[in-house]
Amino acid sequence: MPATPAPDPAAAFDAIGAAYEDAFAGSPARRASLDRLLEHLAPGSRILDIGCGTGRPTASTLAAAGHGVLGIDVSPVMVALAADRVPGGTFRRADIRELPLEEESYDAVCAYFSLLQMDRADQTRVLHRITRALAPGGLLAVGTVPIDVENFDAEFMGSPIRVTSFGAEPFRRLLVESGLTVLWEHQGHYTPRLPGAEPEAELFVLCRRA
């Protein structure tokens, strides 16, 4: 276990703010993941967006398609940005690890890169809770960085963070063990729109509650 306390994710993303959208929202694979999700959604679906950030592109795309979106984020700055940029959604400051989730309460959940600052035990618990919160046949669209690291201290867009992730195959296995069936996935790289940025690994998976 790390000897020092983990940096506060809320403070990190408060500092990053709208720059996160500028750097990462353009990922073609993320757009493809959203398109796949939209293909499977019934009209007026109830969707939870975990780690909503600025609300774009995820919440904005889903709300524009007529779905009911609740976005949550630990960063009050991100929540305020999302509420301003996506008037068709509802946004709250909340931590998914503490948020009460009723069973079978959502038709879909999105979790794009929002698990990475949880340890592996919390990621596992959260995925099991998400699965139970999905209606029968409900969908999870998830994005992650498929690398084998645990409690790795790094700097992200000028802010200190602590990252934990799984390799691609262990992450797929975790999804299946949570009670999900993989429908589609994409693994590749995306170069953020940042000066001197290098390509970064990304994995997107669309799952259905088994």
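How exposed is E104, going by its relative accessible area? In this predicted model, E104 comes out as partly exposed, because its relative accessible area is 41%, which sits between the 20% and 50% cut-offs. The residue belongs to the loop between β3 (90-93) and β4. Its backbone has a quirk too: phi is positive, at about 55 degrees, even though E104 is not a glycine.

E104 has company in this respect. F113 also shows a positive phi, near 65 degrees, and is likewise a residue other than glycine. It is found in the loop between β4 and α6. Another backbone feature turns up at P57, in the loop between β1 and α4 (58-64). Here the peptide bond running from R56 to P57 is cis, and its omega is near 10 degrees.

The loop that holds F113 is also home to S114, with β4 spanning 106-112 and α6 spanning 120-133. S114 counts as buried because its relative accessibility is 18%, and the cut-off for buried is under 20%. What does S114 touch, once its neighbours within four places in sequence are left aside? The contacts are I50 and G51. With I50 there is a polar side to the story: a polar atom of the S114 side chain lies 3.0 Å from the backbone oxygen of I50.

Next comes the nonpolar interior. The largest nonpolar core has 29 residues, and the members that touch the most others are L48, I96, L140 and L175. Two or more residues of this core come from each of β1 (46-50), β2 (68-73), β4, α6, β5 (134-144), α7 (168-177) and β9 (200-209). Apart from this core lies another one, made of 22 residues, including A59, L62, A63 and W184. Back in the largest core, L140 gives a feel for how the parts meet. Beyond its neighbours within four places in sequence, L140 is in contact with V109, L127, I130, L134, L175, L180, V205, L206 and C207.

As for empty space, the largest pocket holds about 1100 Å³. A total of 49 residues line this pocket, and those closest to its centre are F13, F113, L116, Q117 and F156. So F113, the residue with the positive phi, appears again here, among the lining residues closest to the centre. Which element gives the most to the lining? That is β6, with 5 residues. At least two lining residues each come from α1 (9-16), α2 (19-24), β2, β6 (149-156), β7 (159-165) and β9. By type, the lining splits into 31 nonpolar, 11 charged and 7 polar residues.

Helix α1, one of the elements supplying the pocket lining, also contains D14. Is D14 buried, exposed or something in between? D14 counts as partly exposed because its relative accessibility is 27%. Leaving out neighbours within four places in sequence, D14 is in contact with S75, P76 and V77. The side chains of D14 and S75 are joined by a polar contact of 2.5 Å. D14 and V77, meanwhile, are 63 residues apart in sequence, yet their C-alpha atoms are 5.1 Å apart in space.

Terms used
Residues numbered from 1 in each chain as written. Predicted model: local features only at pLDDT ≥ 70, side-chain atom pairs only at ≥ 80, totals over all residues. Heavy atoms only, no water. Helix = DSSP H or I, 4+ residues; strand = E, 2+ residues; numbered from the N terminus. Buried < 20%, exposed > 50% of the residue type's maximum accessible area, 1.4 Å probe, protein only. Polar contact = N/O pair within 3.5 Å; in protein donor to acceptor, adjacent residues only side chain to side chain. Contact = heavy atoms within 4.5 Å. Core = buried A, V, L, I, M, F, W, Y, C linked by side-chain atoms within 4.5 Å. 1 Å grid on protein atoms, 1.4 Å probe; cavity = no way out; pocket = protein on both sides within 12 Å on 5 of 7 lines; lining within 4 Å. Points joined across faces, edges and corners; volume = space filled by probe spheres on them. Nonpolar A, V, L, I, M, F, W, Y, C, P; charged D, E, K, R; others polar.
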